[in-house]
Amino acid sequence: MSEPLNRTTNPLADVAASPEATARYLADVQRVLLDIGGNLETLAREIRVHCRATHVEGDRFYDAWMRSKPVEMALRDVLKHVEGVTNGLEKSAYKRRAHAENVTAVGKKRKEKALEKSRKKNPPQINSVPGNAGQVPQQENMRYADPTSIFDLRSDNTRRSA
């Protein structure tokens, strides 16, 4: 069983604590893997040329090609995995930064939630004027709408509410 992560025994604990340090470290690893991937691509081309050119007496024209296929496929799989790892490193650096942003936003979200909860429990009281309780103020000229068409602009005869 592995021992718990503490800063004295694990050198990557400081890197894991900071999203910026994590991104830098993962970018360095990604650069190394991309360099290795480039070397593997070159190796795959050289192996392809060598294996397809290796003929044995009595071979038909496609026998060397058929013998080289498993080797080429194995290297192609390795290259796909290296590419997947580099993509995963980039994605994990992004996720680490998003996690740090979420952690910093938790306190603010909790405060907003608590304020909203307290507002729901104690809604603000609306103070009404003592002499006007229950009465709706009347407007003297309530119209359904102001001019509704260009024909209504000619005269002051606008429609009234029903």
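**Entry 1. Burial of Glu72**

I take buried to mean under 20% relative accessible area. The model I am examining is a predicted one. I looked up Glu72 and placed this residue in helix α3. Is Glu72 buried or exposed? I find a relative accessibility of 9%, so I record Glu72 as buried. I then listed the contacts of Glu72, setting aside neighbours within four places in sequence, and obtained Arg48 and Arg52.

**Entry 2. The largest pocket**

I next turned to the largest pocket, for which I note a volume of about 190 Å³. Which residues line the largest pocket? I read off Glu41, Ala44, Arg45, Ile47, Arg48, Arg52, Lys69, Glu72, Leu75, Arg76 and Leu79. The elements that give two or more residues to this lining are α2, spanning 19-53, and α3, spanning 63-121. I checked which element gives the most and found α2, with six residues. Sorting the lining by class, I count seven charged residues, four nonpolar and no polar ones. Glu72, from my previous entry, is among the lining residues, and so are both of the arginines listed there, Arg48 and Arg52.

**Entry 3. Aromatic residues**

I searched the whole structure for aromatic pairs and obtained one. The partners are Phe61 and Tyr62, in an edge-to-face arrangement. I record 5.2 Å from centre to centre and 85° between the planes. The angle is over 60 degrees, and the pair therefore counts as edge-to-face. How accessible are the two residues? I enter Phe61 as exposed, because its relative accessibility is 74%. I enter Tyr62 as partly exposed, at 34% relative accessibility.

**Entry 4. Val15 and helix α1**

I located Val15 in helix α1, which covers residues 13-17. Which residues does Val15 contact, once neighbours within four places in sequence are left aside? I find Ala21, Thr22 and Tyr25. For Val15 and Tyr25 I also noted the spacing: the two are 10 residues apart in sequence, and their C-alpha atoms are 7.4 Å apart in space.

**Entry 5. The chain as a whole**

I closed with the overall values. I count three helices and zero strands in the protein chain, and from the N terminus on I read the order of elements as α-α-α. The chain has 162 residues, and I find 15% of them buried; Glu72, at 9% relative accessibility, counts as buried. The exposed area of the chain is about 14,200 Å², and carbon and sulfur atoms supply 57% of this area. Finally, I examined the contacts with a sequence separation of 6 or more: residues 24 or more positions apart account for 46% of them.

Technical notes: Residues are numbered from 1 along each chain as its sequence is written. This is a predicted model: local features need pLDDT of at least 70, side-chain atom pairs count only at pLDDT 80 or more; totals for chains, interfaces and linings use all residues. Side-chain values use heavy atoms; hydrogens and water are left out. Helices (H or I, at least four residues) and strands (E, at least two) are DSSP runs, numbered from the N terminus. Buried means under 20% relative accessible area, exposed over 50%, partly exposed in between (1.4 Å probe, protein chains only). Contact means heavy atoms within 4.5 Å. Accessible areas come from the Shrake-Rupley method with a 1.4 Å probe; for residues, only the protein chains shown count as cover. On a 1 Å grid over the protein atoms alone, a cavity is a set of points where a 1.4 Å probe fits but cannot get out, and a pocket is an open set with protein on both sides within 12 Å along at least five of seven lines; lining residues have an atom within 4 Å of a point. Grid points are joined across faces, edges and corners, and a volume is the space filled by probe spheres set on the points. Ala, Val, Leu, Ile, Met, Phe, Trp, Tyr, Cys and Pro count as nonpolar, Asp, Glu, Lys and Arg as charged, and the others, Gly among them, as polar. Rings of Phe, Tyr and Trp (its six-membered ring) pair if their centres lie within 6.5 Å; planes under 30 degrees apart count as stacked, over 60 as edge-to-face and the rest as tilted.
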